[in-house]
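Okay, thanks for coming, everyone. I've got one structure to walk you through today, so let me put it up on the screen.

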Amino acid sequence: MSMQWAVIIMIGLPIIYIVIDIVLAVDKKKGNTYSEILRKSGRKFVPLVIFISFGFGLLCGHWWW
């Protein structure tokens, strides 16, 4: 039973984040989507870009290797 909840959460949360990002992208306000915020923050603080990239690499390695 707990594995079913884990699968539901693992599928549901990314879908929710994608829907929120699409809603933010079509609301005509500049600078409020996840990618725009990360891009702006990454220009000011380059280690943030490195940390996020490294973190996603670790996560992918953990899941698939």
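I'll go through the overall fold, then the aromatic pairs, then the largest pocket.

Before anything else, keep in mind that this is a predicted model.

So, the overall picture. The protein chain has 3 helices and 0 strands, and if you read along the sequence you get α-α-α. How does the radius of gyration sit against that of a compact globule of 65 residues? Well, such a globule would come out near 11 Å, but the protein chain has 15 Å. The C-alpha atoms fill a box of roughly 40 × 30 × 15 Å along the principal axes. Buried residues make up just 5% of the 65 residues here. As for the accessible surface, that's about 6100 Å², and 77% of it belongs to carbon and sulfur atoms.

Now, the aromatics. When we describe a pair of aromatic rings, we give the distance of the centres and the angle of the planes. There are 2 aromatic pairs in the structure. One of them is Tyr-17 with Tyr-34: 6.3 Å centre to centre, with 80° between the planes, and that's edge-to-face. Why does this pair tie together parts that are apart in sequence? Because Tyr-17 lies in helix α1, residues 2-25, while Tyr-34 lies in helix α2, residues 34-44, and the two are 17 residues apart in sequence. Are these tyrosines buried or exposed? Somewhere in between: Tyr-17 is partly exposed, with a relative accessible area of 49%, and Tyr-34 is partly exposed too, at 33%.

Then there's Trp-63 with Trp-64. Their ring centres are 5.4 Å apart and the planes sit at 85°, so this pair is edge-to-face as well. Both tryptophans, Trp-63 and Trp-64, are exposed.

And Trp-63 comes back in the last part, the largest pocket. Its volume is about 160 Å³. Which residues line the largest pocket? You've got Met-10, Pro-14, Phe-56, Leu-59, Cys-60 and Trp-63. Helices α1 and α3, the latter being residues 46-64, each supply at least two residues of that lining, and α3 gives the most, with 4 residues. By class, the lining has 6 nonpolar residues, no polar ones and no charged ones.

So, to pull it together: three helices in the pattern α-α-α, 2 aromatic pairs, and a largest pocket whose lining has no polar and no charged residues. That's me done, thanks.

Key:
Residues are numbered from 1 along each chain as its sequence is written. This is a predicted model: local features need pLDDT of at least 70, side-chain atom pairs count only at pLDDT 80 or more; totals for chains, interfaces and linings use all residues. Side-chain values use heavy atoms; hydrogens and water are left out. Rings of Phe, Tyr and Trp (its six-membered ring) pair if their centres lie within 6.5 Å; planes under 30 degrees apart count as stacked, over 60 as edge-to-face and the rest as tilted. Buried means under 20% relative accessible area, exposed over 50%, partly exposed in between (1.4 Å probe, protein chains only). On a 1 Å grid over the protein atoms alone, a cavity is a set of points where a 1.4 Å probe fits but cannot get out, and a pocket is an open set with protein on both sides within 12 Å along at least five of seven lines; lining residues have an atom within 4 Å of a point. Grid points are joined across faces, edges and corners, and a volume is the space filled by probe spheres set on the points. Ala, Val, Leu, Ile, Met, Phe, Trp, Tyr, Cys and Pro count as nonpolar, Asp, Glu, Lys and Arg as charged, and the others, Gly among them, as polar. The radius of gyration is taken over C-alpha atoms; the globule rule is 2.2 Å times the number of residues to the power 0.38. Accessible areas come from the Shrake-Rupley method with a 1.4 Å probe; for residues, only the protein chains shown count as cover.
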